[in-house]
Amino acid sequence: MIALHMPLSEEAIRALHLGDSVLLSGVMITARDAAHKWMIDTYIRRTRPPSGDDEQTYAALRDLLRGAAIYHCGPVVAGLQTKQYVFKAAGPTTSIREEPYQGEVMRHFGVRAVIGKGGMGARTLAACREIPGVYLHAIGGAATLIAETVKSVQGVLKLEFGVPEAMWVIEVADFPAVVTMDSHGQSLHTEIEKASRGELDKLLAA
Amino acid sequence: MQDLTEHFVELIRRTSTDLPDDVRRALSKALDREASGSAARGALESILQNVELARQKISPICQDTGTPIFFVRYPAGWSSRALREQIRAAVARATESAYLRPNAVDSLSGKNSGTNLGDEAFPSLHFEEVEGDTLTVDLLLKGGGCENVGAQYSLPDDRLGADRDLQGVRRAVLDAVHQAQGLGCAPGVLGVSIGGDRGTSYALSKQQLLRRLDDTNLNPDLARMEAQLTQEANRLGVGPMGFGGATTVLGVKMTSQHRLPASYFVTVSYMCWADRRRRLTVRGDTQTIE
């Protein structure tokens with residue numbers, strides 16, 4: 001087990017390799033489909049002008065995301081009425097949906113770790129190499145166990161996206177994950193896809 | 001007619017927080033098959049810890065509590081309209097209690113209703129009037145990750161060399177498992193439907209997911225194919241979470257229905273390892289959840 005603390009340094013990221021188990025601590029942000037599209041449209045590709053609280057949200061994100069992690073997660077949150085938010089269940093969602101955006105978001109904000117499930121593609125892998133960054137695979141469905149590592153909910157951005165899609169600012173301690181894409185150009189997902197393709201071809205040839 | 005709203009809330013709570021015993025057993029067996037120290041074993045250890053913790057804390061096993069899919073079989077004398085209203089009320093209450101995540105999103109505006117109540121299709125309700133005097137309500141909570149890797153094939157399929165027979169079905173199912181990799185939260189359960197039209201084929205493939213993992217198909221040909229496909233899918237080596245390993249699927253459940261001469265569909269619904277299904281049975285004044 002390797003302990004990682006956010007903000008993450010370049011050295012800490014370069015030292016990580018495929019298959020390493022890590023325990024992540026510090027402040028990170030959940031962001032999934034709506035959040036990534038908003039960041040891209042409003043501030044990266046700038047296809048729509050900022051409106052509402054966009055500018056404040058963006059300023060907050062610039063500070064929060066530098067060297068930190070984006071977590072692909074749409075949590076179950078209790079305390080919505082009282083705003084005393086508690087994460088009840090918070091496993092990862094499928095990451096590949098953010099492949100069109102992730103590399104650009106990582107470069108723009110200086111994000112060093114992306115946490116999710118299922119892995120990502122070539123563009124994200126290239127960004128991991130360059131920044132440098134890593135993709136950390138959390139255990140899909142282990143939602144109550146992971147929620148236990150969320151020590152506090154510090155705030156929420158863009159709650160109007162809905163509870164699953166909002167950006168939750170959370171402090172975690174010993175959040176467990178496995179490095180499945182590293183900053184050296186390696187992806188476990190590519191390896192497994194290839195090996196299983198070989199097995200499938202053998203089964204279908206029989 | 002009884003008001004079953006309370007019991008529907010309890011059905012949802014149990015389904016979301018307490019994994020059925022046959023699924024837990026299958027996951028434990030899968031753990032024994034993985035090498036110590038491997039990422040696959042680590043994943044299954046976390047999964048089993050999480051299942052236990054969720055039950056103790058009465059907290060959702062997975063944050064994606066999915067589309068609530070209800071299959072209602074009601075005897076004469078019950079009103080399906082009243083049952084629909086009670087189920088919808090229970091879904092909203094279970095959402096307030098954080099047994100369910102608010103998941104109903106308007107496809108055009110992108111707005112989340114916040115209650116899990118959308119239009120007619122959300123939650124998903126299937127009604128069938130049955131003989132006898134027993135009401136049964138099956139609930140499946142099916143998350144988006146595994147729903148997205150479901151697949152439908154129209155045979156013959158040249159790319160797969162799949163003809164219109166059970167061997168062709170086999171090729172399609174193995175291809176679907178390979179395509180899914182770990183994205184459906186492997187090790188999963190496959191519901192497979194052969195025949196029908198595109199719509200009925202998907203519906204029937206999901207109903208297969210209501211079966212216990214340890215049951216045996218009454219059709220001997222399908223029973224053999226279920227066993228063979230489970231073993232072959234596991235040879236692909238995708239493994240828990242797609243980390244590589246010995247268990248890619250926990251089981252395969254198949255059925256067939258009549259089709260048009262021109263069509264031969266094979267539909268695969270993928271259920272994640274968090275195979276959340278429960279049944280409420282109402283006989284007279286007695287209600288049981290299993």
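Me: How do helix 2 and helix 4 of chain A cross, left-handed or right-handed?
Reply: Their crossing is left-handed, meaning that the near helix is turned anticlockwise from the far one by less than a right angle (clockwise would be right-handed). Helices here are DSSP runs of H or I with at least four residues, strands are E runs of at least two, and both are numbered from the N terminus.

Me: Is this model predicted, and how is everything numbered?
Reply: This is a predicted model, where local features need pLDDT of at least 70 and side-chain atom pairs count only at pLDDT 80 or more, while totals for chains, interfaces and linings use all residues. Residues are numbered from 1 along each chain as its sequence is written, with chains lettered from A and ligands numbered from 1 in the order in which they are written.

Me: How confident is the predictor about chain B?
Reply: The mean pLDDT of chain B is 97, with 100% of its residues at 70 or more; pLDDT is the predictor's confidence in each residue, from 0 to 100. For the complex, the predictor gives an ipTM of 0.93 and a pTM of 0.95.

Me: Back to those helices. What angle do helix 2 and helix 4 of chain A make?
Reply: Helix 2 (residues 33–44) of chain A packs with helix 4 of chain A at about 60°, and their axes are 10 Å apart. Helix 2 and helix 4 of chain A are therefore oblique to each other (under 35 degrees is roughly parallel, over 145 roughly antiparallel, 65 to 115 roughly perpendicular, the rest oblique). Axes are lines fitted to C-alpha atoms, for helices over the stretch in contact, and angles run from 0 to 180 degrees between N-to-C directions.

Me: Which residues make that contact?
Reply: From helix 2 of chain A come His36(A), Met39(A), Ile40(A) and Ile44(A), and from helix 4 of chain A come Tyr101(A), Glu104(A), Val105(A) and His108(A). Residues are in contact if their C-beta atoms, placed from the backbone, lie within 7 Å.

Me: And how do helix 4 and helix 5 of chain A pack?
Reply: Helix 4 (residues 99–109) and helix 5 (residues 122–130) of chain A pack at about 15°, with axes 8 Å apart. That makes helix 4 of chain A roughly parallel to helix 5 of chain A. Their crossing is left-handed. Residues making the contact include Gly103(A) and Met106(A) of helix 4 of chain A, and Ala126(A) and Ala127(A) of helix 5 of chain A.

Me: New topic: how many bridges pair strand 2 of chain A with strand 9 of chain A?
Reply: Strand 2 (residues 21–30) and strand 9 of chain A pair in the antiparallel sense over eight bridges; strands pair if DSSP finds at least two bridges between them. One example is Met28(A), whose bridge partner in strand 9 of chain A is Ile170(A). Strand 8 (residues 150–157) of chain A also runs antiparallel to strand 9 of chain A, with six bridges. There, Gly155(A) stands opposite Val169(A). Strand 7 (residues 134–137) of chain A has three bridges to strand 9 of chain A, again antiparallel.

Me: What about the contact between the chains, how many residues?
Reply: Chain A gives 41 residues and chain B gives 44. Among the elements of chain A that each supply at least two residues are strand 9 (167–181) and helix 7 (188–205). Helix 7 of chain A gives the most to that side, with 11 residues.

Me: Last one: what is the strand order in the open sheet of chain B?
Reply: The five strands run 2-1-3-8-9, with mixed pairing. Strand 2 (124–130) and strand 9 (286–289) of chain B are the edges, each pairing on one side only.

Note on methods. Two residues are in contact if their C-beta atoms, placed from the backbone, lie within 7 Å.
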